[in-house]
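Visitor: Please show me the model, and then take me through it in questions and answers.

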Amino acid sequence: MSVFAFDWYMIALLLFAGFYCMLASRSIVRQLIGLEIVSKAAMLTVISAGALTANLVFAQALLITMIVIEVVVVAAGLALLVKNFRVKGSADIWKLDSLKG
Amino acid sequence: MDKGLLAYLLIPLLSAVVIPFAARNRPKLADLLANVTLLAGLVNLLWLALRPSVIAGGFADIPGDGFSLLLVSAVYLVGLCVTFFSAWFLDEKLPNRQAYYSLILVSVAAMTGVVTTTDFFTLYVFIEVLAVTSFALITTDDSGAGLEGALKYFFLTFPASALIIAGISVLMLSLGSLSFDALRVFMASDIPSGPVTFGAALIMLGFIIKAGVVPFHTWTPDAYQGAYAPVSAHLAGIVTKISGVYAIIKLATLLRFFDGRAQALSGILMFLGMLSIAVGALAALKQTDFKRMLAFSSISQVGYIVLAAGLGTPLAVMGAIFHLFNHATFKTVLFLNSASLEKSAGTTDMEKLGGMEHSMPWTSWTSVVALLSTAGVPPLSGFWSKLLIILALWEAGLKTYAVLALLFSIVTLAYFMMMQKKVFFGRKSQAAESSPEVSAPLLAPAVLMSAVIVALGLLFPYFYTYVKMVAERIIL
């Protein structure tokens with residue numbers, strides 16, 4: 001197995017782990033951790049693609065920007081989680097059901 | 001980056017930075033600065049697109065591909081309506097007034113970035129900026145419903161971003177470049193397009209989730225219903241359309257669906273479009289909350305745009321672009337009217353409202369104009385865009401889709417008529433007795449947008465020339 005096939009194999013495993021974490025847990029915080037794992041797997045694809053096409057500098061530049069953006073998104077998401085916990089007093093995803101129609 | 005329109009990105013951004021400092025102790029100054037920024041931008045854009053010499057020349061002098069100019073105008077138009085409405089709507093006690101206007105302006109800047117960019121990575125960056133501002137805007141009033149909507153939006157758009165990143169890296173592997181032009185040139189050549197189409201399909205899947213097309217639509221009604229009232233007009237009118245639907249249309253033209261390249265993707269996209277038309281319209285029939293019904297109607301209208309984009313012939317792309325612009329106008333009117341109802345009657349529950357026409361005639365009649373346009377009744381603007389889409393489907397030999405699209409257009413009329421009857425027409429209810437018409441400044445944006453709807457319908461030949469020019473430029 002070549003190095004790159006191995007890379008993408010691991011990436012697929014990581015994606016699966018992330019989605020499994022999202023599906024299996026009720027706590028919003030754990031779901032966010034699952035999402036983080038998914039997005040890290042997606043970022044690994046970028047660096048792997050850069051290495052494969054001998055374009056590592058470009059891939060690194062993209063990746064650093066992506067990490068910065070992701071930090072902002074996660075910070076906003078965490079703020080939502082904390083606020084939700086203060087208002088509702090629980091972090092259970094199944095209790096987010098007040099909007100229905 | 002389209003450099004001709006860069007100023008429309010930078011000026012709102014600058015204004016967003018200035019507002020929290022300049023207006024720290026004077027909340028009214030925040031209203032003023034936000035409105036002046038957007039009004040100046042809109043006037044400037046109108047001059048760019050509608051001065052007599054440009055109209056006489058058949059819009060040949062438009063900078064860029066014309067598509068971005070049209071959408072930047074739509075962004076500014078909806079943004080101005082929302083900020084003007086907010087200036088009179090916001091609670092005096094709302095502590096974060098400056099932050100609210102800053103966020104609206106940043107989201108306008110991000111949307112301008114989305115529609116003027118020319119490569120996938122910049123597109124991703126601006127989409128994420130837009131998503132972050134949306135989370136914050138939805139929770140403006142700190143209500144439990146707003147938080148719930150924002151969390152659902154967050155949990156569904158975040159995996160979408162991961163898909164877009166994965167698609168970008170597949171494109172890097174197979175195409176070696178991320179610019180739109182490289183993809184366009186590649187698709188025009190005869191090289192087998194497998195991996196490139198796969199990368200583009202991953203990116204498109206991400207945008208389908210962000211647009212709220214049917215299998216992934218669950219966040220849309222919750223986010224629209226839970227959001228702070230003027231923000232739901234901003235979100236439904238323009239934000240989700242730019243962050244999802246725009247990129248779908250762009251990818252559809254770049255992948256040259258009309259050439260028969262990437263045929264499987266085109267077929268799937270059309271199927272999903274039809275599915276959203278059907279599910280959105282049928283779900284809207286049985287809603288009891290005004291805002292939630294509008295949200296399902298929005299899903300259904302997005303279905304028309306996606307269906308046309310999936311077909312991808314020049315006529316269908318024209319229809320999609322035109323319907324995207326129309327959707328921004330009529331959905332803004334309806335959501336702003338729901339905000340007026342909320343302010344005046346204190347609820348958007350359709351069972352509790354009734355006979356509001358007697359006390360709120362202006363709100364009622366602007367809603368009628370907007371809903372007739374949504375349902376595609378001539379001579380309003382929605383008729384022409386739906387006509388273009390259905391004609392394109394018929395011409396391409398997809399008669400089943402054409403007939404279904406037409407039928408669900410009638411269902412659209414049905415649920416809107418039910419809404420109008422329950423909320424505005426009929427006997428005066430208790431709510432109608434005690435709720436007066438909202439003040440003139442709150443009505444002005446809805447009246448302006450209704451005027452745009454009627455004007456676009458009546459001046460259709462001019463607009464047709466414009467959209468035809470756009471379709472020719474982005475397809476060839």
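Guide: Helices (H or I, at least four residues) and strands (E, at least two) are DSSP runs, numbered from the N terminus. This is a predicted model, in which local features need pLDDT (the predictor's confidence in each residue, from 0 to 100) of at least 70, side-chain atom pairs count only at pLDDT 80 or more, and totals for chains, interfaces and linings use all residues. Residues are numbered from 1 along each chain as its sequence is written, while chains are lettered from A and ligands numbered from 1 in the order in which they are written.

Visitor: How many helices and strands does chain A have?
Guide: Read along the sequence, chain A runs α-α-α. That comes to 3 helices and 0 strands.

Visitor: Is chain A compact or spread out?
Guide: The radius of gyration is taken over C-alpha atoms, and the globule rule is 2.2 Å times the number of residues to the power 0.38. For 101 residues the rule gives 13 Å, and chain A has 17 Å, well over that value. Its C-alpha atoms fill a box of roughly 50 × 30 × 25 Å along the principal axes. Chain A is therefore more spread out than a compact globule.

Visitor: What percentage of the residues in chain A are buried?
Guide: A residue is buried if 20 or more other C-beta atoms lie within 10 Å of its own, exposed if 12 or fewer, and partly exposed in between, with C-beta atoms placed from the backbone. Of the 101 residues in chain A, the buried ones make up 29%.

Visitor: How does the radius of gyration of chain B stand against the globule rule?
Guide: Chain B has 21 helices and 0 strands. The rule gives 23 Å for 476 residues, so chain B is as compact as a globular protein of that length. Its C-alpha trace spans about 70 × 50 × 50 Å along the principal axes. The radius of gyration is close to the rule's value, at 21 Å.

Visitor: In chain B, what percentage of contacts between residues at least 6 apart join residues at least 24 apart?
Guide: Two residues are in contact if their C-beta atoms, placed from the backbone, lie within 7 Å. Buried residues make up 63% of chain B. For contacts in chain B between residues at least 6 apart in sequence, the share joining residues at least 24 apart is 81%.

Visitor: Which helix of chain B gives the most to the side that touches chain A?
Guide: The contact involves 37 residues of chain B and 29 residues of chain A. Helix 6 (120–138), helix 7 (144–174) and helix 10 (219–226) of chain B each supply at least two residues of that side of chain B. With 20 residues, the one that gives the most is helix 7.

Visitor: How do the residues on that side of chain B divide by type?
Guide: Ala, Val, Leu, Ile, Met, Phe, Trp, Tyr, Cys and Pro count as nonpolar, Asp, Glu, Lys and Arg as charged, and the others, Gly among them, as polar. The side of chain B that touches chain A divides into 21 nonpolar, 10 polar and 6 charged.

Visitor: Which residue of chain A does B:I168 touch?
Guide: A nonpolar core is a set of buried Ala, Val, Leu, Ile, Met, Phe, Trp, Tyr and Cys residues joined through C-beta atoms within 7 Å. The largest has 214 residues, and B:I168 is one of those with the most contacts inside it. Not counting residues up to four places away in sequence, B:I168 touches B:F120, B:F121, B:Y124, B:L178, B:I203 and A:V46.

Visitor: How many residues of helix 5 of chain B are buried?
Guide: The expected span of a helix is 1.5 Å times one less than its number of residues. For helix 5 (residues 97–116) of chain B that is 28 Å, and the end C-alpha atoms are 29 Å apart, which agrees. Helix 5 of chain B is largely enclosed by the rest of the structure, because its buried residues number 19 of the 20.

Visitor: Which residue with a positive phi follows helix 16 of chain B?
Guide: Helix 16 (residues 361–375) of chain B reaches 21 Å from its first C-alpha to its last, close to the 21 Å expected. Of its 15 residues, 11 are buried, and these pack against helices including helix 13 (290–311) and helix 14 (314–345) of chain B. The residue that follows helix 16 of chain B, with phi near 85°, is B:G376.

Visitor: Where in chain B is confidence lowest?
Guide: The model scores ipTM 0.93 and pTM 0.92. Chain B has a mean pLDDT of 86, with 98% of its residues at 70 or more. Confidence in chain B is highest in helix 6, at 92, and lowest, at a mean of 70, in helix 19 (residues 430–434).
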